[in-house]
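Please work through the exercises below with the sequence and the model side by side. Each one sets a task and then solves it in steps.

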Amino acid sequence: MSRFWSPVVHDLTPYVPGEQPRISQLVKLNTNENPYPPSPRVQAAIAAANVDSLRLYPDPESSALRASIAGYYGVAAEQVFVGNGSDEVLALVFQALLQHEAPLLFPDISYSFYPVYCKLYGIAYRTVPLDADFAIDPASYQQPCGGIIFPNPNAPTGRLLSRAAIEAMLQQHPDTVVVVDEAYVDFGGDSMIPLVAQYPNLLVVQTLSKSRSLAGLRVGLAVGNAELIAGLTRVKNSFNSYPLDRLAQAGAQAAFEDDAYFQVCRERVIASREALVAGLAALGFAVLPSAANFVFARHPAHDAARLAACLRQRNIIVRHFQQPRIEQFLRISIGTAAECQLLLSALADILADGATA
Ligand SMILES: *Cc1c(COP(=O)(O)O)cnc(C)c1O
């Protein structure tokens, strides 16, 4: 608390990111980063960048990057927006498109940044409960609202909502923006980007942080009707004209231009996920069906907080949320095959200890 703060600052509840400890030999399965390095083309593009040019401002429109993304998805460059990580893109989306009189709707168990943005911008919101199987129930979104946002697949559950269900939602709310946050879609879902031609109220948000191994570069994007993108651009240009630096623009563009590498990488993550799910099930865990690069699992006989603490003692970190309905779950990011194996053997030990304790 400080008398120097603006009034709004006193009431903020900032988002708490998963920890980034500086311990070597750590098996870090807590923030859904990709276990594989970015494409070698990213490295080459950044190495080839002329450091002298850093004295000049970057392209404020990120034109070359947006053209690459537009080409990749078969949309026009005017339908693509980029920002400094999708968290920044989402912040601009909340301010530009989701701030209305009627409440914004999002799932009760979802990305915990959403209520933080609502607080920051004074946006009224209502959370909509997931069903008993932790899935989004489209019928429960049939109510007056100022906007809808959800991740697909959802975080931290990993569950995927079908295209048909999303289309039904878009049709039920023709005058309301529906934002699909596709941070994890490359690990097991279809992007809704092909639907933007049909639905002017659809905005799809993606990130290069997860499936393209670039969490440290900070690049996110949104694809939608040109009108929605123009709204985002107006807010961006009233906040920071240059959200992406020269290196980020070059690196992100190279990532989109190396599709072969991207496909191999995501297939490896998916294969590790399937092996991890089988290993967890063999240890007695109940695992929600995941279309993401993490799994959400609980053990009927072992407390999740204790399991997370025991893993930590063995230098393995996973995410545990102290939140109603999910406090008995662990969210485990998919590591390399070797990391997944280390996790499984540690859990086997811990469960055996717990049984005799
Ligand atoms: C990781 C994540 C993001 C943010 O990613 P950035 O690194 O800011 O691009 C957005 N939405 C969800 C649901 C996420 O899990």
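Before the first exercise, a definition is needed: a residue is buried under 20% relative accessible area, exposed over 50%, and partly exposed in between, as computed with a 1.4 Å probe on protein chains only. The structure is a predicted model, in which local features need pLDDT of at least 70 and side-chain atom pairs count only at pLDDT 80 or more, while totals for chains, interfaces and linings use all residues. Residues are numbered from 1 along each chain as its sequence is written, and side-chain values use heavy atoms, with hydrogens and water left out.

**Exercise 1. Place Ala 44 in the model and state its accessibility class.**

Step 1. Ala 44 is found in helix 2, residues 40-48, where helices (H or I, at least four residues) and strands (E, at least two) are DSSP runs numbered from the N terminus.

Step 2. Ala 44 counts as partly exposed because its relative accessibility is 44%.

Step 3. To set Ala 44 against a remote position, take Ile 350: the two are 306 residues apart in sequence and 44 Å apart in space, from C-alpha to C-alpha.

**Exercise 2. Describe the surroundings of Lys 210, starting from its UniProt record.**

Step 1. In an unreviewed entry, UniProt lists Lys 210 under "modified residue: N6-(pyridoxal phosphate)lysine"; UniProt positions are given in the numbering used here, feature names are shortened, and annotations may be inferred rather than shown by experiment.

Step 2. Lys 210 sits in the loop between strand 7 (202-207) and strand 8 (220-224), and Lys 210 is classed as buried because its relative accessible area is 15%.

Step 3. With contact meaning heavy atoms within 4.5 Å, and not counting residues up to four places away in sequence, Lys 210 touches Thr 31, Asn 32, Asn 34, Ala 183, Tyr 184, Phe 187 and Asn 293.

Step 4. The side chains of Lys 210 and Tyr 184 are joined by a polar contact of 3.3 Å. A polar contact is a pair of N or O atoms within 3.5 Å; within protein, one must be able to donate a hydrogen and the other to accept it, and residues adjacent in sequence count only if both atoms are side-chain atoms.

Step 5. Thr 207 belongs to strand 7 and counts as buried because its relative accessibility is 6%. A polar atom of the Thr 207 side chain lies 2.9 Å from the backbone nitrogen of Ser 209, and the residues that Thr 207 touches, not counting those up to four places away in sequence, are Ser 86, Ala 183, Val 219 and Gly 220.

**Exercise 3. Find the cis peptide bond that joins Asn 152 to its partner, and the one that starts from Ala 155.**

Step 1. Asn 152 and Pro 153 are joined by a cis peptide bond with omega of about -5°, and Pro 153 lies in the loop between strand 5 (147-151) and helix 6 (163-172).

Step 2. The bond from Ala 155 to Pro 156 is cis, with omega near 5°, and Pro 156 is likewise found in the loop between strand 5 and helix 6.

**Exercise 4. Characterise the interface of domain 1 and domain 2, and the part that Arg 325 has in it.**

Step 1. The assignment gives domain 1 (2-37 + 260-353) and domain 2 (40-258), with bounds that come from an automatic or database domain assignment.

Step 2. The area buried between the domains is about 2,800 Å², of which carbon and sulfur atoms give 61%. In domain 1, Tyr 15, Phe 262 and Arg 325 lose the most area to domain 2, together 27% of what that side buries. Buried area is the accessible area (1.4 Å probe) that two parts lose on being put together, summed over both.

Step 3. 35 residues of domain 1 are in contact with 34 residues of domain 2.

Step 4. Across the interface the rule finds 1 salt bridge, the term being a side-chain nitrogen of Lys or Arg within 4 Å of a carboxyl oxygen of Asp or Glu. The side chains of Asp 108 and Arg 325 meet in a salt bridge at 3.3 Å, N to O.

Step 5. Arg 325 is found in the loop between strand 11 (316-318) and strand 12 (330-333), its phi is near 80°, a positive value in a residue other than glycine, and Arg 325 counts as partly exposed because its relative accessible area is 37%.
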